[in-house]
Amino acid sequence: MYILCMIILVFFAVIGLCAFVTSLLDLCYRNSTDAELILKNLTPENAESSIRSAAHICQHHRGIRLVIICDESDPAYDLCKLMQKDYPFIEIIPADRN
């Protein structure tokens, strides 16, 4: 019984050590870059799903900004503004500025 308990203890100790090392590496690499994810040519049909997918990626990899290239005259602009309220890391820039 003692040997079984020691095996279980070592097993969970190794898992905990691996999780600790992984979290340290994530902390080092997530804050080292100022990356951007750029979306352009959005249509009203695909805008919401594209923005939500990109926002999920940005939330998973902290420190990434989501840049949407969209003019105020585009039909998807209103949807982009609504999504910007939900996700503060979204930046909308006009197409002539990039």
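**Exercise 1. Count the salt bridges in this predicted model, then work out which elements they join.**

Start with the tally: there are three salt bridges. Let's take them in turn.

Step 1. Go to Arg65 and look towards Glu36: their side chains meet in a salt bridge, at 1.9 Å from N to O. Arg65 is in strand E2 while Glu36 is in strand E1 (residues 36-40), so this pair ties together parts that lie 29 residues apart in sequence.

Step 2. Stay on Arg65, which also forms a salt bridge with Glu91, with 2.4 Å between the closest N and O atoms. Here the partner Glu91 belongs to strand E3, so this pair ties E2 to a part 26 residues apart in sequence.

Step 3. Put those two together and you get a network of salt bridges linking Glu36, Arg65 and Glu91.

Step 4. Now find Arg52, which has a salt bridge to Glu48, the closest N and O atoms being 3.1 Å apart. Both residues sit in helix H2, four residues apart, or about one turn of the helix.

**Exercise 2. Sort the salt-bridge residues: are they buried, partly exposed or exposed?**

Step 1. You'll need the cut-offs: buried is under 20% relative accessible area and exposed is over 50%, with partly exposed in between.

Step 2. Check the network. Arg65 comes out at 30%, Glu36 at 43% and Glu91 at 25%. Arg65 is therefore partly exposed, and so are Glu36 and Glu91.

Step 3. Do the helix pair. Arg52 has 37% relative accessibility and Glu48 has 38%, so Arg52 counts as partly exposed, and so does Glu48.

**Exercise 3. Lay out the sheet and say what packs on it.**

Step 1. Trace the strands: three of them form an open sheet in the order E1-E2-E3, with parallel pairing. E1 and E3 are the edge strands, each pairing on one side only. From one strand to the next, the twist averages 25°.

Step 2. Zoom in on E1 and E2, which pair in the parallel sense over five bridges. Glu36 has Arg65 as its bridge partner in E2. You've met this couple already, as a side-chain salt bridge.

Step 3. Add the helix. H3 packs on the sheet and touches E2 and E3, and its direction makes about 150° with that of E3.

**Exercise 4. Find the largest nonpolar core and the elements that build it.**

Step 1. Some background: in soluble globular proteins, nonpolar side chains tend to be buried together.

Step 2. In this model, the largest nonpolar core has 18 residues. Those with the most contacts inside it are Leu42, Ile51, Leu66, Ile68, Cys80, Ile90 and Ile92.

Step 3. Match the core to elements. Two or more residues each come from helix H2 (47-60), strand E2 (65-69), helix H3 (77-86) and strand E3 (90-93). H2 gives the largest share, five residues.

Step 4. Pick Ile68 and list its neighbours. Leaving out residues up to four places away in sequence, Ile68 touches Leu39, Leu42, Ile51, Cys80, Ile90, Glu91, Ile92 and Ile93.

**Exercise 5. How many disulfides are there, and how accessible are Cys5 and Cys18?**

Step 1. The disulfide count is zero.

Step 2. Cys5 is partly exposed, at 41% relative accessible area. Cys18 is partly exposed too, at 47%.

Note on methods
Residues numbered from 1 in each chain as written. Predicted model: local features only at pLDDT ≥ 70, side-chain atom pairs only at ≥ 80, totals over all residues. Heavy atoms only, no water. Disulfide = S-S within 2.5 Å. Buried < 20%, exposed > 50% of the residue type's maximum accessible area, 1.4 Å probe, protein only. Core = buried A, V, L, I, M, F, W, Y, C linked by side-chain atoms within 4.5 Å. Contact = heavy atoms within 4.5 Å. Salt bridge = Lys/Arg side-chain N within 4 Å of Asp/Glu carboxyl O. Pairing = 2+ DSSP bridges. Axes fitted to C-alpha atoms, helices over the stretch in contact; angles between N-to-C directions.
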